[in-house]
Amino acid sequence: MRPRIGVTTAIERDGGWLGMDRHSAYCTYIGWIERCGGLPLLLPNLDPSAADDCLASLDGLLFTGGYDIHPSYFEAEPEKHLGRVDLKRDRWELPLAQAALASDLPLLGICRGIQLLNVAAGGSLRQDLVHDPSATIQHRMDVVGGDPRHHRVETAPDSLLRRLLGESAWVSSAHHQAVDRVGAGLRVTARATDQVVEAIEGDGERYLLGLQWHPELMEAGDPATTALFESFVAACKARLDAGRLGSHLA
Ligand code: MN
């Protein structure tokens, strides 16, 4: 049985037909999970009271990219260059992420997803790198051509990313915010060469990985990306099998 992996979505206005709102997620996330043996399930933005039931029906959860998180969630005021925020998504995903962190579900966060996990764990964000002189790298590949091998990251010793990627790797970059103060139970496991935080992991045994870059943009078959998504799906599969064994014994 394939592990059920939730994929978060955003509500967007349909540009065609009747111009109604719909939930959406990029096919690239879904494709990588499917190819690596998971069963991707799109999660709508629900009332936060549904978070526990939602998690109980999953074996893992991917928090996808999207708009900025409102800084009130980390007790900061909006700075001048804060980007567009998505209040409906924040209202659902922050409690969902907090409940997910309190569970033992394997968690993967990408772009907005790493930021969400960090804020849910009590951390904070840098609200805009573009106007921050200490961020010396262009972290938005979308404004300079979009090559998914955009800048380097250096990984931390004794981390999942060190095992998956080695000491350094070329990654994509399509963000203007980044992790600032690191949340409880998390540690930084990759930085760009300008020291911007590019990845976090849990400091315990459970699978908890946040990536500021977009591995899902790599073409199907890319070896490092395959290893990365396979590691996530394997963790979800292990949790599924452990739960089935537990229910059998009970
Ligand atoms: Mn970057």
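## A walk from a surface pair to a metal site

Asp21 has a relative accessibility of 40%, so this residue counts as partly exposed. Keep in mind from the start that what you see is a predicted model. Asp21 has a charged partner: Arg13 forms a salt bridge with Asp21, and their closest N and O atoms are 2.4 Å apart. Arg13 itself reaches 59% relative accessibility and therefore counts as exposed, because the label "exposed" applies over 50%.

Let's step along the chain from Asp21. Met20 sits in the loop that runs between strand 2 (10-13) and strand 3 (21-24). With 45% relative accessibility, Met20 is classed as partly exposed. Met20 also has company on the surface: together with Trp17 and Leu18, Met20 makes up a nonpolar patch, and the three share about 420 Å² of accessible area.

Now let's turn to the metal. Which residues coordinate the manganese ion? The donors are His139 through ND1, His151 through NE2, Ser173 through OG, His175 through NE2 and Glu198 through OE, at 2.2 to 2.3 Å. If you follow these donors along the chain, their spacing reads H-x11-H-x21-S-x1-H-x22-E. His139 belongs to the loop between strand 7 (125-126) and strand 8 (151-155), while His175 belongs to the loop between strand 9 (168-171) and strand 10 (178-179), so this pair ties together parts that are 36 residues apart in sequence. Are these two residues, His139 and His175, buried or exposed? Both of them are buried.

From here, we can come back to salt bridges, of which the structure holds 13. One of them joins Arg126 and Asp132, with 2.8 Å between the closest N and O atoms. The two partners fall into separate classes of accessibility. Arg126 has a relative accessible area of 17% and is buried, because buried means under 20%. Asp132, at 21%, is partly exposed.

Another salt bridge links Glu154 with Arg152, where the closest N and O atoms are 3.3 Å apart. Here Glu154 is partly exposed, with a relative accessible area of 37%, and Arg152 counts as partly exposed at 31% relative accessibility. Elsewhere, salt bridges that share partners connect Arg89, Asp90, Glu93 and Arg112 into one network.

To retrace the route on the structure, begin at the salt bridge between Asp21 and Arg13, visit the nonpolar patch of Trp17, Leu18 and Met20, and then look for the manganese ion with its donors, among them the buried His139 and His175.

How values were computed
Residues numbered from 1 in each chain as written. Predicted model: local features only at pLDDT ≥ 70, side-chain atom pairs only at ≥ 80, totals over all residues. Heavy atoms only, no water. Patch = residues over 30% accessible without salt bridge, like charges linked within 9 Å, V, L, I, M, F, W, Y side chains within 5 Å. Areas by Shrake-Rupley, 256 points an atom, 1.4 Å probe, with all protein chains shown as cover. Salt bridge = Lys/Arg side-chain N within 4 Å of Asp/Glu carboxyl O. Helix = DSSP H or I, 4+ residues; strand = E, 2+ residues; numbered from the N terminus. Buried < 20%, exposed > 50% of the residue type's maximum accessible area, 1.4 Å probe, protein only. Donors = N, O, S within 2.8 Å, 3.2 Å for Na, K, Ca; no water.
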